[in-house]
Amino acid sequence: MKAEPSVITVGTFDGVHLGHRAVVGKVVEDARRRGARPLVITFDPHPLAVVAPERMPGLLESPATRCRRIESMGAVPVLLEFNEELRRKTAAEWMEILRRDYGAVEVVAGYDNTFGCDGLKMSIHDYRSLGETLGVDVEEAPIVEGISSSVIREALGRGDVERASEMLGYPYRIGGRVVHGKGLGHCLGYPTANVIPDGRLLLPANGVYAADAELPSGEVRRAVVNVGKAPTVGSAFPVTVEAYITDFDGDLYDREIALDFLHRLRDERKFPSVEELTEQIRADVEAARRL
């Protein structure tokens, strides 16, 4: 059966940041003008996991979340498994697949939107030549200067969650299941939810952050989140994500919550005493409430 006519773009789209949104927006707009489907083809795992595993970055969001964001913009996400077979396909082979299997009448390609194992060597003119042989128009992807997934990762690596969120267009989010922790927060009078995030996701730099916690009920509460090793009470612990949720005393064990990082309050540091740590946590909570 012949595929429905489509306007297509291809890429990883990790984070669906403002630059990605410009590309997806063009796909949706052009598809509407042509009376075609707007398709966004993306991948799981990240192509670098296959091409160069040693350079594989932490993800900005899960593939499922990425697809939901794309869908919310009015496009149809198509999640393909990136494997050795896909890795070896040339741009010409990709163009043929897009035309034959997905009904491409237009492909949006360009900066940071190349496809094919030879794509990095190709210009928009090369893609247009390939498209012409198959009756596929190739349009250049819009560019939003200074924004990329790698630049966002660099900001998170510095703990600059505000800058990362500006480039994403939404607060950087880490979600996960709440598990029993060391019980130290409870002893200090600030019981924390110990969150086990998706191991593929990039954590912000170690430190203390103000965040909004979305609870299983959908309710949102302000939180103070520590990303790190709790050095005052023992540096042998692995990096953890612990959230003190203000004005909440319910049971969250074995349930999923999400943390939207708003502002970095301070570095993680070792205090001379537990009493001084408790006093600092009190100050952190007040600072988070004021945001």
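**A sheet and the helices around it**

Let me begin with a glycine: just after helix α3, G74 takes a positive phi of about 100 degrees. Before going on, I should say that this is a predicted model, in which local features need pLDDT of at least 70 and side-chain atom pairs count only at pLDDT 80 or more, while totals for chains, interfaces and linings use all residues. Residues are numbered from 1 along each chain as its sequence is written, and side-chain values use heavy atoms, with hydrogens and water left out.

Helix α3 itself spans residues 63–72 (helices, H or I of at least four residues, and strands, E of at least two, are DSSP runs numbered from the N terminus). Its buried residues, buried being under 20% relative accessible area, exposed over 50% and partly exposed in between, with a 1.4 Å probe and protein chains only, are P63, T65, R66, C67, R69 and I70. These residues pack against α1 (18–34), β2 (37–44) and β3 (76–81), where contact means heavy atoms within 4.5 Å.

From α1 I would pick out V28, which lies in that helix and is buried, with a relative accessible area of 10%. Which residues does V28 touch, leaving aside its neighbours within four places in sequence? They are P38, M73, G74 and A75, so the glycine I opened with comes back here as a contact of V28. The C-alpha atoms of V28 and A52, by contrast, are separated by 32 Å, although the two residues are 24 apart along the chain.

Turning to the sheet, five strands form an open sheet in the order β3-β2-β1-β4-β5, with parallel pairing; two strands count as paired if DSSP finds at least two bridges between them. Its edge strands are β3 and β5 (137–140), each of which pairs on one side only, and the twist averages 25 degrees from one strand to the next.

Strand β4 (residues 104–109) is mostly covered, with six of its six residues buried. On one side β4 pairs in the parallel sense with β1 (residues 6–10) over four bridges, and there V7 stands opposite E106. With β5, too, β4 pairs in the parallel sense over four bridges; V107 has V138 as its bridge partner, and A109 has E140.

Helix α6 (residues 124–134) packs on the sheet, touching β4 and β5, and its direction makes about 160 degrees with that of β5; axes here are lines fitted to C-alpha atoms, for helices over the stretch in contact, and angles run from 0 to 180 degrees between N-to-C directions. Its buried residues are I124, Y127, L130 and G131. Seen down the axis of α6, these fall within an arc of 120 degrees, so they line one face of the helix, the arc being that of the directions from the helix axis to the C-beta atoms. What covers them includes α5, β4 and β5, whereas the face turned away carries the exposed residues H125, E132 and T133. After α6 comes G135, whose phi is positive, near 75 degrees.

I will end with K89, in the loop between α4 (84–87) and α5 (91–102). What is the nearest side chain of opposite charge to K89? It is E85, 4.1 Å away, and K89 is buried yet has no salt bridge, which is defined as a side-chain nitrogen of Lys or Arg within 4 Å of a carboxyl oxygen of Asp or Glu; Lys and Arg count as positive and Asp and Glu as negative, with His and the chain ends not counted. Leaving aside its neighbours within four places in sequence, K89 is in contact with W94, I97, G116 and C117.
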